[in-house]
Amino acid sequence: MAATPDLKALTSGSRRALAKSITLIESKRAQDREAAVSLIETVLPHTGDSLRIGISGVPGVGKSTFIESFGLNLISQGKKVAVLAVDPSSPIAGGSILGDKTRMPELSRAENAFIRPSPSAGVMGGIAQRTRESILLCEAAGYDVILIETVGVGQSEVEVYGMVDFFMLLMVPNSGDDLQGIKRGITELVDGVVINKADGESMGLAMQTKQFYQTAFNIFRTNEAWKPKILTCSALERKGLDDVWTMVCDFEQMAKENGMLDRRRRDQNVAWLKKLITIELEQRIMSSDEVKQSYPDLETRVEAGELTPFSAANQILGLVFSEVTGREQ
Ligand code: GDP
């Protein structure tokens with residue numbers, strides 16, 4: 001069993017207690033899950049006060065460099081900053097987001113920073129769900145800003161969007177003919193685009209890229225209280241970071257005043273509820289003795305084409321719920 005974290009130490013800001021608490025919620029052991037759920041319940045009254053910022057972008061765009069510089073900037077303003085990573089692309093800990101201390105050397109040494117790498121795949125309930133719980137734990141430990149980093153590949157962006165107040169996309173200066181960054185799906189998610197590496201010879205191209213995205217967003221996102229802003233910065237030279245923070249603060253103020261922030265969090269909670277039901281249900285079904293016994297054979301038969309996935313799934317559900325097949329248990 002993972003050690004039970006000290007609640008008082010956690011809420012008084014101990015990084016050690018926070019790290020231990022996250023280890024508990026990431027535990028794969030069924031018996032730890034109960035303690036984890038009770039921990040989350042207990043800390044709930046101490047949560048909700050941070051600003052949760054999602055930061056996405058393809059590998060190499062400068063996410064680590066940006067988080068290091070941006071995080072230090074916030075710390076210099078007296079904030080406590082936590083960094084969490086969501087990286088479903090890594091089958092084992094240490095994929096394309098390492099989240100380790102070497103990526104953000106200065107930030108990881110700062111007293112008011114907490115950096116946690118992505119949980120390894122296979123944690124109970126999935127990486128995104130555990131990250132959601134880690135956010136709550138960081139809030140209970142008094143972190144003001146929580147940066148949730150994700151690689152800009154597919155599903156992880158949507159998952160991170162579902163747990164943050166502000167979703168930021170990092171881009172690099174480009175000629176604009178490559179439309180990967182303004183895929184329809186992404187334009188609907190982002191609250192701000194930051195074109196990084198706006199330095200040296202790339203300065204001109206960065207300004208062009210900014211114009212290009214500004215036009216694209218003006219077309220895609222009309223009639224909204226908040227129009228995504230497009231900014232440029234250099235994470236390496238630590239320039240433009242104040243503007244990024246101002247953008248986030250402007251958004252927060254607007255979203256608090258018009259109720260959008262509250263609504264977003266409520267919607268996220270409802271989505272989280274639905275997701276949790278699915279996760280818990282799957283876990284319970286798959287851990288039933290009858291299912292454990294029958295599953296390997298059914299999977300083999302589906303693989304061999306002898307059985308349709310639909311029929312196999314129905315048989316499995318039938319082992320647990322009589323009403324699915326109409327059979328008495
Ligand atoms: P990540 O994969 O998105 O986390 O990207 P990294 O932060 O590891 O950065 C990838 C590369 O881009 C590294 O060589 C960085 O030094 C470089 N880089 C990051 N930010 C900037 C920047 O603002 N300007 C320039 N010129 N290079 C940068």
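**Exercise 1.** In this predicted model, find how far a polar side-chain atom of serine 234 lies from an oxygen atom of the ligand.

*Solution.* Start at the side chain of serine 234: one of its polar atoms is 3.3 Å from a ligand oxygen atom. Next, compare this with the cut-off for a polar contact, a pair of N or O atoms within 3.5 Å. Then turn to the backbone. A polar backbone atom of glycine 60 is 2.8 Å from an oxygen atom of the ligand, and for a backbone N or O atom of lysine 63 the distance to a ligand oxygen atom is 2.8 Å. Finally, look at the ligand's surface: on its own the ligand exposes 580 Å², of which the protein buries 67%.

**Exercise 2.** Describe the residues that surround the ligand, and sort them by class.

*Solution.* Begin with the count: 14 residues surround the ligand. The closest are Gly60, Lys63, Ser64, Thr65 and Asp199. Now sort the shell: 5 residues are nonpolar, 6 are polar and 3 are charged.

**Exercise 3.** Work out which strands stand at the edges of the sheet.

*Solution.* First write down the strand order of this open sheet of 7 strands: β3-β2-β4-β1-β5-β6-β7, with parallel pairing. Now read off the ends. β3 (113–116) and β7 (229–232) each have a single partner strand, so one side of each has no neighbour in the sheet. From one strand to the next, the twist averages 20 degrees. To finish, zoom in on β7: strand β6 (residues 192–195) pairs with β7 in the parallel sense over 4 bridges. Here isoleucine 195 has threonine 232 in β7 as its bridge partner.

Methods. Residues numbered from 1 in each chain as written. Predicted model: local features only at pLDDT ≥ 70, side-chain atom pairs only at ≥ 80, totals over all residues. Heavy atoms only, no water. Near = heavy atom within 4 Å. Polar contact = N/O pair within 3.5 Å; in protein donor to acceptor, adjacent residues only side chain to side chain. Areas by Shrake-Rupley, 256 points an atom, 1.4 Å probe, with all protein chains shown as cover. Nonpolar A, V, L, I, M, F, W, Y, C, P; charged D, E, K, R; others polar. Pairing = 2+ DSSP bridges. Helix = DSSP H or I, 4+ residues; strand = E, 2+ residues; numbered from the N terminus. Axes fitted to C-alpha atoms, helices over the stretch in contact; angles between N-to-C directions.
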